Amino acid sequence: MLASILSVKYGDLDSRSMEKTNPVRILEKAKVPYVLHDYSGTDAIAGADVASILGEDPKEVFKTLVTQGKSDKYYVFVVPVTHELDLKKAAASVGEKSVVMIPSKELLPLTGYIHGGCSPLGMKRHLRTVVDESASRNERIYISAGKVGLQFEIAFSDLSKVLDYTLADIVR
């Protein structure tokens, strides 16, 4: 992998270093400390590759998945990159009979994000969000900053300051 990573701490972001995305604006407005990691100059795509290129524990790196329930409501699930979303557990966590992953072509119109750059922060509309309970065992977590090749790192304890979510066992 090409190792070209730029990391910027809260308050140090300016127009010369990295683009401010909606999630970054939300973090700054809430005065939540973060570190932004730009790995767009690498060939990391899969979550495990992202963790590796950042030199971080893959259990701390999370992906954002969007589903649609049997009721036609949409839901966001945030899971570790080391695991897969268990659709039955996910459905149960939101009181649905079943949920299915939405097609990639529906992601941008619904959330404002593209596949690989979807963040649970700053979506076009508020969707019920469930974070896998394993996140609560981490001091910090890494989540997409709303653009492919860009992740933010925050203390798990700060996540509730910027995201309305519930915790549940949703992985297999």
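Select K89 and D169 to start: their side chains meet in a salt bridge, with 3.2 Å from N to O. K89 belongs to helix α3 (residues 87-93) and D169 to the segment after β9 (166-168), so this pair ties together parts that are 80 residues apart in sequence. Colour by accessibility and you will find K89 partly exposed at 31%, with D169 also partly exposed at 36%. Keep in mind as you click around that this is a predicted model.

**Stop two: R172**

Stay in the segment after β9 and pick R172, which is found there as well. Is R172 buried or exposed? Its relative accessibility is 59%, so R172 counts as exposed. Now show the C-alpha atoms of R172 and D86: they are separated by 5.4 Å, although the two residues are 86 places apart along the chain. Which residues does R172 touch, once those up to four places away in sequence are left out? Select H83, E84, L85 and D86 to see them.

**Stop three: R140 and its partners**

The structure holds seven salt bridges, and the next ones to visit centre on R140. Display R140 with E60 and look for the closest N and O atoms, which are 3.2 Å apart in this salt bridge. R140 lies in strand β7 (residues 140-147), while E60 sits in the loop between α2 (47-54) and β3 (62-69), so the pair ties together parts that are 80 residues apart in sequence. The two ends differ in their surroundings: R140 is partly exposed, with a relative accessible area of 29%, whereas E60 is buried at 12%.

Leave R140 on screen and add E153. These two form a salt bridge as well, and here the closest N and O atoms are 3.0 Å apart. E153 is part of strand β8 (residues 150-155) and R140 is part of β7, so this link spans 13 residues in sequence. With 13% relative accessibility, E153 counts as buried, since the limit for that label is under 20%.

Which residues belong to the network made by salt bridges that share partners? Add E56 to your selection, and you have the set: E56, E60, R140 and E153 are joined into one network.

**Stop four: the β7-β8 hairpin**

Switch to a cartoon view and follow the two strands that carry R140 and E153. β7 and β8 pair in the antiparallel sense, over six bridges. Together they form a hairpin with two residues between the strands. Click on G149 in the turn, where phi is positive at about 90°. To see one of the bridge pairs, select K147, whose partner in β8 is L150.

**Stop five: the five-stranded sheet**

Finally, select β5, β3, β4, β6 and β9. In that order they make up an open sheet of five strands with mixed pairing. Which strands stand at the edges? They are β5 (99-101) and β9; each has a single partner strand, so one side of each is left without a neighbour in the sheet. Rotate the view to follow the twist, which averages 35° from one strand to the next.

Zoom in on the β5 edge to end the tour. β3 and β5 run antiparallel and are joined by three bridges. Label G69 and V99 there: G69 stands opposite V99 in β5. If you show side chains along the strands, it helps to remember that in a regular strand they alternate between the two faces of the sheet.

How values were computed
Residues numbered from 1 in each chain as written. Predicted model: local features only at pLDDT ≥ 70, side-chain atom pairs only at ≥ 80, totals over all residues. Heavy atoms only, no water. Salt bridge = Lys/Arg side-chain N within 4 Å of Asp/Glu carboxyl O. Helix = DSSP H or I, 4+ residues; strand = E, 2+ residues; numbered from the N terminus. Buried < 20%, exposed > 50% of the residue type's maximum accessible area, 1.4 Å probe, protein only. Pairing = 2+ DSSP bridges. Contact = heavy atoms within 4.5 Å. Axes fitted to C-alpha atoms, helices over the stretch in contact; angles between N-to-C directions.
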